[in-house]
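Reader: Please show me the structure. I would like to ask about helices, strands and cysteines.

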Amino acid sequence: MKKTLLLVFVLLVVSLVIGIEGYVFVDLNSNGILDAEDQVVQGCLISNGIEIVSSDSGGFYNISDSNGFVFLIKPDGYVCSEWYARGVENHDFLLTPIVENGVFAVVNDIHYADDPDLFYESLGDREMIDNPDEYMTKLVSILETISPDFIVCNGDMGASIKDIDDEIATRWATKVRDYLTVGDIPVYYSVGNHETNKKKEDPYDIFHNAYGPEYYSFNSCGTHYIVLNTHNVVDGSFIYEIDSVQLEWLKRDIESVALNARIIVFSHEPIFNLAKTDNYYEMMQIFADECSYHISGHRHTMIEYFDAPFVELTCGAISGAWWEGPSPTGDEYGFTLFEMKRNDLNYCFVTLTEDYSGWFDMSRETPYSGVEYVRFCTFPSVSDDIEVLLNDRVFECDVLKREMRFWCEYYFNVNLSSFPDGLNEIVVRVGDKEFRKKLFVRSAPVDIKSMKANPEYFEGSLVLVSNCSNTGQWGTTYTFNDGSDTFMVQITNLDIPFAISKDEKYSLYGIFRNNERVVDPLKLLVAEGIAQEE
């Protein structure tokens, strides 16, 4: 009996030491089994979310079982259909060689639901007016045509899991996964705040079951990509941050990357939404030291906030304003297409509301008053030149054209200083199509009443509102009056170095959002977005 117990104990210890093992190989004869005809791959990295190990000269790896996922950090020039596994003792990673072209797509904030009433049940402050299936079908058609190297679905795939039955939430998650199963194109998912349920033992159980691990990395076309989960549940409280285990894994992952490799990070939330914790500051230093881009969603808008020491870019939402129409910053239903060209990452927002997409990439500082540099993108790519009109009059200007693989870019300057105060319009003609962009031009400071009266011309713009008196506070919501009207501002995660006092004067700088869609039309991004006036 004692010998039997000893044998069981030894086998248990050996099992724990062995963990998960398998081989990494190119399955040349497509039979799913490593045999003499196949090619083993040495030096491939495998991780369990804590450790990172490398396959040996025989393609063999062994890693401890962390009671979670094991995943392949996919190398350049390959795809792997089953790049992660969960709850297994053995798993082989079968690689297929491919030619990568440096093109990838980012879709985010789908908020999919198949029933308007269930959508409202899960997102009580929203109403599903447009049908997600119509636009998802169009998205799939475009992705089939483009055939990108990979797709990143950057969070909030379903409407919301927190206030809906698990069976329904799982159905929505599965439907999104089915839509995005486009041929053999790899799809990588990140956790959104609407995939997180702090009341559960595993806050990400539906995400895990539908999409796999919540953080991981892979390589493609000379670039190392990292997907992070910027949510943490501590003692039942929800915090926007990466947890400590993930932070330590991130350090190990980056240590494994060649010094000359570009690193791009995806997460659902932009950095402005993250809590200012110790993990936040450590992660931000890693981004500053090591990363080229941080690409996020969550805000349902296309904005590049800054470009150094890394580019902070949020992408427009598939769902626009949660299937009620364009987002509060005016962005239509759409996704973002990226292309790596001559070591530079380029991008274009592609709208799904029209068969032919035109996108104005301009500064969001308004009111406009001087020289504005415009990048206008068309999708799909066309051979036509463009004609520029200002207020329905042809504007003679030099236009530079750059052709990308799937879209065209046109660059031109517009001097607005001689235009009348108030509403003006840029029109770009491409063949028989016209694309219009409303501009509010004004030499004097703008006031909140003017913006509220014309929200469609200011939404998504960076605005400065001066001489604002604080008139009240409820939690993190403040009210101000700039002499023209009263408005609300939410101030969170900004570390403001002074107290906001009633009847004191302030200048506020932030993104103006359509007040017909939100109650707090001015969104401050950084502590410098509010300043005391003398």
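Author: Questions and answers on these topics follow.

This is a predicted model, in which local features need pLDDT of at least 70 and side-chain atom pairs count only at pLDDT 80 or more, while totals for chains, interfaces and linings use all residues. Residues are numbered from 1 along each chain as its sequence is written, and side-chain values use heavy atoms, with hydrogens and water left out.

Reader: What span does helix H6 reach from its first C-alpha to its last?
Author: Helices (H or I, at least four residues) and strands (E, at least two) are DSSP runs, numbered from the N terminus. The expected span of a helix is 1.5 Å times one less than its number of residues. H6 covers residues 244–255, and for its twelve residues 16 Å is expected; the model comes close to that, with 17 Å.

Reader: Where around the axis of H6 do its buried residues lie?
Author: Buried means under 20% relative accessible area, exposed over 50%, and partly exposed in between, with a 1.4 Å probe and protein chains only. In H6 the buried residues are Gln246, Leu247, Trp249, Leu250, Asp253 and Ile254. Because they cover an arc of only 160° around the axis, they are on the same side of H6. The arc is that of the directions from the helix axis to the C-beta atoms, and the place asked for is the same side of H6.

Reader: Which residues are exposed on the other side of H7?
Author: The buried residues of helix H7 (residues 278–290) are Asn279, Tyr280, Met283, Met284, Ile286 and Phe287. These fall within an arc of 155° seen down the axis, so they line one face of the helix. On the other side, the exposed residues are Asp278 and Asp289.

Reader: Which residues of strand S5 point to one face and are buried?
Author: In a regular strand the side chains alternate between the two faces of the sheet. S5 (residues 60–63) has side chains that alternate, with Phe60 and Asn62 on the other face and not buried. The buried ones are Tyr61 and Ile63.

Reader: Why is strand S10 largely enclosed by the rest of the structure?
Author: In S10 (residues 103–107), Val103, Ala105 and Val107 point one way, Phe104 and Val106 point the other way, and all are buried. S10 is largely enclosed because the number of its five residues that are buried is five.

Reader: Which residue of S11 is the bridge partner of Ala105?
Author: Two strands pair if DSSP finds at least two bridges between them. S10 is antiparallel to strand S21 (residues 334–341), with four bridges, and parallel to strand S11 (residues 150–153), also with four bridges. In S11, the partner of Ala105 is Ile151.

Reader: Which strands stand at the edges of the open sheet of four strands?
Author: The order in this sheet is S23-S25-S29-S28, and the pairing is antiparallel. An edge strand has a single partner strand, so one side of it is left without a neighbour in the sheet. The edge strands are S23 (357–361) and S28 (400–403).

Reader: How many disulfides are there?
Author: A disulfide is a pair of cysteine sulfur atoms within 2.5 Å. The sulfur of Cys44 is 9.0 Å from the closest cysteine sulfur, in Cys80, which is too far for a bond. Cys397 is in no disulfide either, since the nearest cysteine sulfur, that of Cys377, is 16 Å away. The count of disulfides is zero.
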